[in-house]
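Reader: I should like a close look at a single part of this model, namely its salt bridges and the region around them. Please set out what can be stated there, and then follow the connections outward.

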Amino acid sequence: MEKKILLAVDDSEHAKNAVRYAVMISSAVKNLTYTLFYVQPAVSQYLTDEAETSPKAKTALEKMYKKQTEQGMRILEDQKARMVDLGIEGGRIETVTVARKAGLAKDILQYAQDRYYDAIVVGRRGLSRLQEVFMGSLTRNLLEFSETIPVWIIDREITSTSIMLAVDGSAASFRAADHLSFMVGGNPSVKITLFHVTPNVKDCFAVDSDADAKTEEADEKELEEILKSGDKKCMDIFQAHARRMFSEAGLSENQVTLKAVQSQGGIGKQVVQEFKKGKYGTLVIGRRGINKSFFMGSVSDYVLNKASDCAVWLVP
């Protein structure tokens with residue numbers, strides 16, 4: 001089955017990284033087609049308003065749109081040539097440039113949603129993590145507004161095709177597993193590691209520092225046992241369904257392995273540590289977990305802020 005991804009590009013280095021990754025991952029994702037998509041810079045509202053009543057302003061606006069379209073096509077053709085040089089057939093690459101309307105992120109999402117793309121691919125911009133949090137960016141806006149389409153965030157140049165799927169047994173984990181199985185299904189060379197961190201009490205509850213120490217310790221142990229028991233039941237169910245899902249997608253049992261650890265120092269931190277330790281190239285993760293604070297609230301947010309030299313597939 002054909003899979004299609006929308007590559008949001010410009011002429012920056014981070015866009016080139018996204019393009020290189022899209023080519024590299026084609027060894028894992030078969031039957032992949034690409035749309036290189038460029039949203040033109042915003043035009044002054046004053047000029048568009050004036051163009052409605054002034055022929056001179058209308059002519060100037062038309063010239064500006066033509067110039068921006070030509071610039072966009074040059075950028076797209078350069079990126080397409082880069083992909084062709086890296087081994088992708090030109091017939092599998094579409095180029096599209098549009099005038100900006102609702103905003104960069106919303107225009108990208110609207111186009112992708114209207115045409116049922118399987119994922120949006122974007123390079124992380126060259127901002128510090130702190131700048132991205134406070135200034136806002138294309139990446140964070142796409143994540144905020146995308147309700148149905150996975151967003152692949154590419155940080156720098158990636159060469160490893162190894163894939164890690166972070167799971168917690170939640171509905172979001174199932175959606176992440178479903179997206180991954182669809183994209184890489186039928187490829188006998190793909191290897192997937194399911195990575196699960198069993199949460200502890202501190203991951204789920206705020207501890208009252210003024211509470212009696214003995215009482216607190218006893219309560220914590222009881223809650224720990226409840227958490228472990230519930231987590232095991234949840235993950236047993238998840239594993240059974242996920243493995244059936246992968247099998248139906250054409251992946252054999254030995255292509256998918258599970259690694260589970262106990263939380264020590266934070267779930268997000270352990271996900272990032274395991275990713276680096278295992279020398280993976282792609283991390284797939286759901287936006288929210290069982291407790292909504294697990295993923296986009298803490299774990300996926302932590303991963304997006306801390307992980308580097310990787311591709312993160314964030315699945316709504």
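Author: R124, D155, R156 and D309 are linked in a network of salt bridges, a salt bridge being a side-chain nitrogen of Lys or Arg within 4 Å of a carboxyl oxygen of Asp or Glu. The model is a predicted one, in which local features need pLDDT of at least 70 and side-chain atom pairs count only at pLDDT 80 or more, whereas totals for chains, interfaces and linings use all residues. Residues are numbered from 1 along each chain as its sequence is written, and side-chain values use heavy atoms, with hydrogens and water left out.

Within the network, D155 pairs with R124, their closest N and O atoms being 2.9 Å apart. D155 belongs to the loop between β5 and β6, and R124 to the loop between β4 (119-123) and α5 (129-135), so this salt bridge ties together parts that are 31 residues apart in sequence. Here helices (H or I, at least four residues) and strands (E, at least two) are DSSP runs, numbered from the N terminus. Both partners, D155 and R124, are buried; buried means under 20% relative accessible area, exposed over 50%, and partly exposed in between, with a 1.4 Å probe and protein chains only. D155 counts as buried because its relative accessible area is 5%. D155 also forms a salt bridge with R156, with 3.5 Å between the closest N and O atoms. R156, by contrast, counts as partly exposed because its relative accessibility is 47%. Side chains of opposite charge can pair when their charged atoms come close.

A search of the whole structure finds seven salt bridges. One of the salt bridges joins the side chains of E157 and R20, at 3.9 Å from N to O. This pair links distant parts of the chain, since E157 is in the loop between β5 and β6 (163-167) and R20 is in helix α1 (residues 13-24), 137 residues apart. R20 is partly exposed because its relative accessibility is 23%.

From this loop the description moves to the sheet. An open sheet of 10 strands has mixed pairing and the order β3-β2-β1-β4-β5-β10-β9-β6-β7-β8, where two strands pair if DSSP finds at least two bridges between them. The edge strands are β3 and β8 (256-262), each of which pairs on one side only. Neighbouring strands of this sheet are turned by 25° against each other on average, direction ignored; axes are lines fitted to C-alpha atoms, for helices over the stretch in contact, and angles run from 0 to 180 degrees between N-to-C directions. Helix α4 (residues 104-114) packs on the sheet, touching β1 (3-8), β2 (32-39), β3 and β4, and its direction makes about 145° with that of β2. Contact means heavy atoms within 4.5 Å.

Strand β5 (residues 151-154) pairs with β10 in the antiparallel sense over four bridges, and I153 has V312 as its bridge partner in β10. Strand β9 (residues 282-286) pairs with β10 in the parallel sense over five bridges, with L314 of β10 as the bridge partner of I285. Strand β10 (residues 311-315) is largely enclosed by the rest of the structure, because five of its five residues are buried. Both of its faces are covered: A311, W313 and V315 are buried on one side, V312 and L314 on the other.

Further along, β6 and β9 pair in the parallel sense over four bridges, and M164 stands opposite L283 in β9. β6 also runs parallel to β7, joined to it by five bridges; in β7, H196 is the bridge partner of V167. Seven of the seven residues of strand β7 (residues 192-198) are buried. On one side of β7 these are I192, L194, H196 and T198, and on the other T193, F195 and V197.

At the β3 edge, T97 is found in strand β3 (residues 93-98) and counts as buried because its relative accessibility is 16%. The side chain of T97 makes a polar contact with the side chain of Q40 at 3.1 Å, a polar contact being a pair of N or O atoms within 3.5 Å; within protein, one must be able to donate a hydrogen and the other to accept it, and residues adjacent in sequence count only if both atoms are side-chain atoms. A polar atom of the T97 side chain also lies 3.1 Å from the backbone oxygen of Y38.
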